[in-house]
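Trainee: I should like a close look at a single part of this structure, the strand at its centre of interest and the elements around that strand. Please set out the contacts and the burial in one connected account.

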Amino acid sequence: MSTQPATPGLRRDIAGHSVVELAEKFGTPTYVYDTTPIDARIQDLQHFDLIRFAQKACSNLAILDHVRRQGVVVDAVSAGEIRRAMAAGYDLQENPPAVVYCADLFDQDSLELVIKHDIHVNCGSPDMIDQLGQVAPGRNITLRINPGFGHGHSQKTNTGGPQSKHGIWHEEVEDCLLRADRHGLGVTGIHMHIGSGSDFEHLAQVCGALEETARRVGRSITSVSAGGGLPIPYRDGEAQIDTVRYFELWDQSRQRLAKEFGHPISLEIEPGRYLSAEAGFLIAEIRSIKKMGENLFYLVDAGFNNLARPILYGAYHPMSISPRHGGVPDTTAEVVVGGPLCESGDIFTQEEGGYVCSRRLPVAKVGDYLVIECAGAYGQVMSSNYNSKPFAAEVMIRDHQAQLIRKRQTFADLIQGEVIPES
Ligand code: LLP
């Protein structure tokens, strides 16, 4: 049961666990994931034949294991992600494949793993077809197509169109089919991930492009993937996406293809953000409060080394304050929230282009906690060790239990592998 106070910007608990107690027990900064929203989002997508979690959004083994138990499969964009899926208990022999390698290239490591474990490949470039075909002819593959247009919440996340490096350019499909033929590879599916967002007109265009490509490939197609890109409400007042309408648009395309081809076509979806974003909270401690001219700064012990989305994309995350000693501050202030890094851009309240902005938050004291919300997708996974900061701890709350799922990195972890040459 949530016991959130009514005061805006105040948060006492996460899934029934006091923020202060979580911070005292696990330290700060710490990522906390509440599994309840993940489970709800999985339920929203049950109409699809298969939900394939884009694990790049949140790949902690405990999270992967949690979604696996609910029948959710995963994609992998690197050898490391293939190994994570295996470590989280995914069975590589399953059909439909529990793990699909989906990238625009193979490095040596990923190609070796894909061959060794017979992992299904969704090819994002013509070269991948040749490189796979040369060493492992006779397999089935799927093609990730760039339909020539795209969408995304920022220029850096737009995944379609001529400026995007992702996928096989739509005009090269026939060439790719010839390449596949040369190696006896069967093309069994078409995939489009172009950062669709919640614009249904745009989505209809994507569905049309996918259908048209599937027709060019022909009857060997048995599956289509809608990719990811489902948005979540980061700001107050933004609505949840209508997943039924989303499904219906894709389903209509799928049905038409099934009818034309005379066999069933399975429909996959590949969400990252949608499954995990709302589940994640980054707890940080306010370590300094200072004025710079007109601006009031709350400086916390988490920085863009922990959550890079604001500095990278000007991304907005909801924030709240948990007073360490209880009490309810009755006043709020316009504050700029920054981190500990020795870099001016280490600001959580910024817009795209690096413009510093402010947020109305309760008046706080040094030692109170700041919670950055909707941080469960592209949060911890995009962390760095910049300024020799260790990775944060991660905690999962499931069935009312708060359990550590990643230990905070130690200094020894941080320098592991570094070598001072003997002179
Ligand atoms: N499938 C493919 C092939 C992808 O490239 C991606 C994301 C997804 C699925 C999942 O997309 P989602 O449902 O999460 O939108 N770091 C950025 C997002 C980069 C997305 C990269 N590809 C951010 O923090 O917003």
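Mentor: The account below goes from the whole chain to one strand, and then to the surroundings of that strand.

The model is predicted, so local features need pLDDT of at least 70 and side-chain atom pairs count only at pLDDT 80 or more, while totals for chains, interfaces and linings use all residues. Residues are numbered from 1 along each chain as its sequence is written, and side-chain values use heavy atoms, with hydrogens and water left out.

The chain has twelve helices and 22 strands; helices (H or I, at least four residues) and strands (E, at least two) are DSSP runs, numbered from the N terminus. Its radius of gyration is 23 Å, close to the 22 Å given by the globule rule for 423 residues, so the chain is as compact as a globular protein of that length. This radius is taken over C-alpha atoms, and the rule is 2.2 Å times the number of residues to the power 0.38. Buried residues make up 55% of the 423 residues, where buried means under 20% relative accessible area, exposed over 50% and partly exposed in between (1.4 Å probe, protein chains only).

The part to examine is strand E10 (residues 186-191). Five of its six residues are buried, so E10 is largely enclosed by the rest of the structure. E10 pairs in the parallel sense with strand E8 (residues 140-146) over five bridges, and likewise in the parallel sense with strand E11 (residues 223-225) over three bridges; two strands pair if DSSP finds at least two bridges between them. Isoleucine 190 of E10 stands opposite leucine 143, and its bridge partner in E11 is valine 224.

Leucine 143 also belongs to the largest nonpolar core, which has 106 residues; Phe53, Leu143 and Trp250 have the most contacts inside this core. Such a core is a set of buried Ala, Val, Leu, Ile, Met, Phe, Trp, Tyr and Cys residues joined through side-chain atoms within 4.5 Å. Helix H8 (residues 200-217) supplies the largest share of the core, eight residues. Apart from neighbours within four places in sequence, leucine 143 is in contact (heavy atoms within 4.5 Å) with residues including Ile129, Ile168, Cys176, Val187 and Ile190.

Cys176 leads to helix H7 (residues 173-182), whose buried residues are Val173, Cys176, Leu177, Arg179 and Ala180. Seen down the axis of H7, these residues fall within an arc of 160 degrees, so they line one face of the helix; the arc is that of the directions from the helix axis to the C-beta atoms. They pack against H6, E8, strand E9 (168-169), E10 and H8, whereas Leu178, Asp181 and Arg182 are exposed on the other side of H7. Just after H7, glycine 184 takes a positive phi of about 65 degrees.

Glycine 184 is also among the contacts of arginine 139, as are Leu185 and Gly186. Arginine 139 lies in the loop between helix H6 (126-135) and E8, and this arginine is buried, with a relative accessible area of 12%. The side chain of arginine 139 makes a polar contact with that of aspartate 118 (3.4 Å), and one of its polar atoms lies 3.1 Å from the backbone oxygen of valine 114. A polar contact is a pair of N or O atoms within 3.5 Å; within protein, one must be able to donate a hydrogen and the other to accept it, and residues adjacent in sequence count only if both atoms are side-chain atoms.
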